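Work through the exercises below with the coordinates open, and try each task before reading its solution.

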Amino acid sequence: MVILIVTILRGIETITTTLTWALALLLNNREVLKKAQQELDEKIGGERQWKEFEAGNLVYLQAILKETLRLYPGSPFPHESSKDCIVGGYHVPAGTRLVVNALKVHLDPKVWSDPYEFRPERFLTTHQNIDVRGQNFELIPFGSGRRMCPGVSYALQIMQLTLAALLHEFEIKTPSNQPVDMTGTPGIINVKLIPLDVLLTPRPPNQVYQN
């Protein structure tokens, strides 16, 4: 029970951080934001509330979250070597804690063209078969193997539902209409240095979200 509570609490922190980065990226890339809302309009429309089961049809929104996790992965997932081994030519004694630099992997120019650019379309074209569940080592925001994040399904579901609802229901912009500062803070979890300040206005032309 304690492990479950800790997992949920830690997951809430990283989920909130990832969604903050996603919104910041969308505000700095308005064409991507517009495409995401167009997908919501086409798949759901503006005359009704969307249903949770429809989130799986939002492939562009899923690509946005993948690209966000590529550029701003959550906390690292350390592993401990159970026996002496060789990693990258280095001898690693048994009992050593190993931390994979996921961001370095995610920005490898041999794998990702223009690795520092926010381009969700890559997950619909050149990298459409790459997922975040630890099976593709090019993208490991949740780690991989038996010790990967146990809350990966929970995190993905909550992030997808929250972002879809927010973009479907509201227009978002910054108070000053200036680009969002993307500076992060050092630490286990990469939090934005400057809090994100966003203005929300109801998006649907009707009253479906007022009750």
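Two exercises follow, one on enclosed space and one on helices, and both concern a predicted model.

**Exercise 1. Determine how many cavities of 30 Å³ or more there are, and describe the lining of the largest cavity.**

Solution. Rolling a probe the size of a water molecule over the atoms shows where empty space is left. Applied here, the count comes to one cavity of 30 Å³ or more, and the space in the largest cavity is about 30 Å³. The next step is to list the lining, which consists of Thr14, Thr17, Thr18, Trp21, Tyr72, Pro73, Gly74, Ile189 and Asn190. Sorting these residues by class gives four nonpolar and five polar ones, with no charged residue in the lining.

**Exercise 2. Compare the span of helix H2 with the expected value, and find which of its residues are buried and which are exposed on the face turned away from them.**

Solution. Begin with the length: H2 covers residues 30–43, and its 14 residues reach 20 Å from the first C-alpha to the last, close to the 20 Å expected at 1.5 Å a residue. Next, taking buried to mean under 20% relative accessible area, one finds Val32, Leu33, Ala36, Gln37, Glu39 and Leu40. Viewed down the axis of H2, these buried residues fall within an arc of 150 degrees, so they line one face of the helix. The face turned away from that buried side carries the exposed residues Lys34 and Glu42. Finally, just after H2, Gly45 takes a positive phi of about 90 degrees.

Definitions and conventions
Residues numbered from 1 in each chain as written. Predicted model: local features only at pLDDT ≥ 70, side-chain atom pairs only at ≥ 80, totals over all residues. Heavy atoms only, no water. 1 Å grid on protein atoms, 1.4 Å probe; cavity = no way out; pocket = protein on both sides within 12 Å on 5 of 7 lines; lining within 4 Å. Points joined across faces, edges and corners; volume = space filled by probe spheres on them. Nonpolar A, V, L, I, M, F, W, Y, C, P; charged D, E, K, R; others polar. Helix = DSSP H or I, 4+ residues; strand = E, 2+ residues; numbered from the N terminus. Expected span 1.5 Å × (residues − 1). Buried < 20%, exposed > 50% of the residue type's maximum accessible area, 1.4 Å probe, protein only. Arc of directions from axis to C-beta.
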